[in-house]
Amino acid sequence: MENCNQTSTDFVLMGLFPSSRFGLFLFILIVLIFLLALFGNLSMILLIFLDIHLHKPMYLLLSQLSLIDLNYISTIVPKMAYNYLFGNKSISFIGCGVQSFFFLTLAGAEALLLASMAYDRYVAICFPLHYPIKISRRVCVLMITGSWIMGSINSCAHTTYALQIPYCRSRAINHFFCDVPAMLTLASMDTWVYEYTVFVSTILFLLCPFIGIALSYGRVLLTVYRMNSAEGKKKAYSTCSTHLTVVTFYYAPFAYTYLRPRYLRSPTEDKALAVFYTILTPVLNPVIYSLKNKEVMGALRRAIQRICSVKT
């Protein structure tokens with residue numbers, strides 16, 4: 001039987017960047033993406049907070065999405081960059097647990113929040129007269145709070161399980177962050193129970209919301225098709241395509257990674273897929289929602305005009 005270390009022993013993150021010029025290029029690219037994500041999401045939060053024209057349920061949900069993405073990418077990239085720059089790939093046992101907890105909390109909250117945003121657009125387009133009642137500020141706050149609470153509960157359960165099992169002498173996690181399934185490949189016990197809970201959690205937090213989003217947009221597209229207004233159709237199709245782009249980049253690689261059994265997964269493929277939902281999605285969200293939204297662009301122009309008028 002393989003000897004196992006105590007739980008106080010540090011883990012080693014193998015990382016994403018190879019030791020070559022391509023690795024350096026990839027590192028610089030991801031750092032730039034990280035800075036763009038910070039700037040874009042922080043700008044969205046401030047813009048929605050400061051502009052009274054954006055004080056609507058849709059933009060309250062969008063500001064929460066930006067807040068989640070801001071923390072989401074910050075949970076992973078800074079540690080990954082530090083490890084690459086200083087050549088220190090270790091992460092403490094507790095640090096690994098903390099990173100895993102925040103990652104799973106934010107990932108679950110974002111999955112549920114995207115479903116809430118789809119419901120918001122469904123009501124706005126299919127039941128416009130009922131929208132102020134069905135999507136009131138109170139309902140919006142409840143959807144946001146529920147997303148955070150459900151994400152935290154799911155994360156707490158998975159992280160607690162991962163931290164209390166014994167790990168073998170090899171502490172090298174073949175990933176660029178503390179992803180619990182990657183951690184459990186090092187476990188010295190049978191983890192079939194956990195793999196089953198991962199499957200159930202993926203269905204609840206990814207597959208079910210995705211089905212809900214698909215049904216919502218199916219009804220939205222049917223309603224749009226029956227519209228007489230060409231301008232209304234154009235606006236609705238633009239909104240739908242924007243949201244579906246975000247959904248595809250987030251749900252598809254996430255679900256594909258976590259629904260596969262262990263024997264079909266490979267560390268290289270898992271890391272490549274993880275880049276989509278941990279690094280690319282947080283930078284794409286503010287870009288997509290701002291460039292394809294006239295109200296956001298209008299608020300941005302007003303903010304720039306106010307800044308220019310103050311300077312002059």
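User: Let's begin with Val247: is this residue buried or exposed?

Analyst: Buried counts as under 20% relative accessible area. Val247 comes out at 1%, so it counts as buried. Keep in mind that this is a predicted model. Val247 sits in helix 8.

User: What does Val247 look like in terms of contacts along the chain versus in space, say with Thr281?

Analyst: Here you compare the sequence gap with the C-alpha distance. Val247 and Thr281 are 34 residues apart in sequence, and their C-alpha atoms are 9.2 Å apart in space. Try another pair: Asn71 and Pro282 are 211 residues apart along the chain, with 9.3 Å between their C-alpha atoms. Asn71 belongs to helix 2, and its relative accessible area of 34% makes it partly exposed.

User: How do I check a helix, for instance helix 9 and its span?

Analyst: Take 1.5 Å a residue and set the expected span against the end-to-end C-alpha distance. Helix 9, residues 267-291, has 25 residues and should span 36 Å; the end C-alpha atoms are 35 Å apart, so the two agree.

User: Where does helix 9 kink?

Analyst: At Leu280, by about 50°, shortly before the proline Pro282. That's the Pro282 from the pair with Asn71.

User: And helix 2, where does that one bend?

Analyst: The bend in helix 2 is about 30° and lies at Ser74, with a proline, Pro78, following within four residues. On span, helix 2 covers residues 57-86: its 30 residues should reach 44 Å, and the end C-alpha atoms are 44 Å apart, which agrees. Just after helix 2 comes Gly87, with a positive phi near 65°.

User: How many residues of helix 2 are buried?

Analyst: Counting buried residues tells you how covered a helix is. For helix 2 the count is 21 of 30, so by that DSSP run it is mostly covered. Asn71 in helix 2 is partly exposed, at 34%. Helix 3 is mostly covered too, with 27 of its 34 residues buried. The span of helix 3, residues 93-126, should be 50 Å, and its end C-alpha atoms are 49 Å apart, which agrees.

User: Which residues does UniProt list as "transmembrane region"?

Analyst: The unreviewed UniProt entry lists residues 22-50, 57-77, 97-119, 139-161, 193-215, 236-252 and 272-291 under that name. You can hold a listed span against the model's secondary structure. Residues 193-215 are 100% helix and 0% strand, with end C-alpha atoms 32 Å apart. Residues 272-291 are also 100% helix and 0% strand, and there the end C-alpha atoms lie 27 Å apart.

User: How many salt bridges does the structure hold?

Analyst: The general idea goes like this: side chains of opposite charge can pair when their charged atoms come close. This structure holds six salt bridges.

User: Which residues are linked in a network of salt bridges?

Analyst: Arg260, Arg265, Glu269 and Asp270. Taking the pairs in turn, Glu269 bridges to Arg260 with the closest N and O atoms 2.6 Å apart. Asp270 forms a salt bridge with Arg260 too, at 2.7 Å between the closest N and O atoms. That second pair links distant parts of the chain: Asp270 is in helix 9, while Arg260 is in the loop between helix 8 (230-259) and helix 9, 10 residues apart. Arg265 and Asp270 also meet in a salt bridge, at 3.1 Å from N to O.

User: Buried or partly exposed: how does Glu269 count?

Analyst: Glu269 is partly exposed, with a relative accessible area of 31%. Its partner Arg260 counts as buried because its relative accessibility is 10%. Asp270 is buried at 7%, and Arg265 is buried as well.

User: Which residues form the nonpolar patch on the surface?

Analyst: To read a patch, look for nonpolar side chains with accessible area. Here the patch is Trp192, Val193, Tyr196, Phe199, Val200 and Leu204, with about 610 Å² of accessible area together. Here's a helix idea to keep in mind: an α-helix has 3.6 residues a turn, so residues three or four places apart point the same way. Val193 lies in helix 7, residues 192-225, and Tyr196 lies in helix 7 too.

User: How exposed are Val193 and Tyr196?

Analyst: Val193 counts as partly exposed, at 40% relative accessibility. Tyr196 is exposed, with a relative accessible area of 54%. For placement, Tyr196 and Ala162 are 34 residues apart in sequence, and 14 Å apart C-alpha to C-alpha.

How values were computed
Residues are numbered from 1 along each chain as its sequence is written. This is a predicted model: local features need pLDDT of at least 70, side-chain atom pairs count only at pLDDT 80 or more; totals for chains, interfaces and linings use all residues. Side-chain values use heavy atoms; hydrogens and water are left out. Patches are made of residues with over 30% relative accessible area and no salt bridge: like charges are joined within 9 Å, nonpolar side chains (Val, Leu, Ile, Met, Phe, Trp, Tyr) within 5 Å. Accessible areas come from the Shrake-Rupley method with a 1.4 Å probe; for residues, only the protein chains shown count as cover. A salt bridge is a side-chain nitrogen of Lys or Arg within 4 Å of a carboxyl oxygen of Asp or Glu. Helices (H or I, at least four residues) and strands (E, at least two) are DSSP runs, numbered from the N terminus. Buried means under 20% relative accessible area, exposed over 50%, partly exposed in between (1.4 Å probe, protein chains only). The expected span of a helix is 1.5 Å times one less than its number of residues. The bend at a residue is the angle between axes fitted to the seven residues ending there and the seven starting there. UniProt positions are given in the numbering used here, feature names are shortened, and annotations may be inferred rather than shown by experiment.
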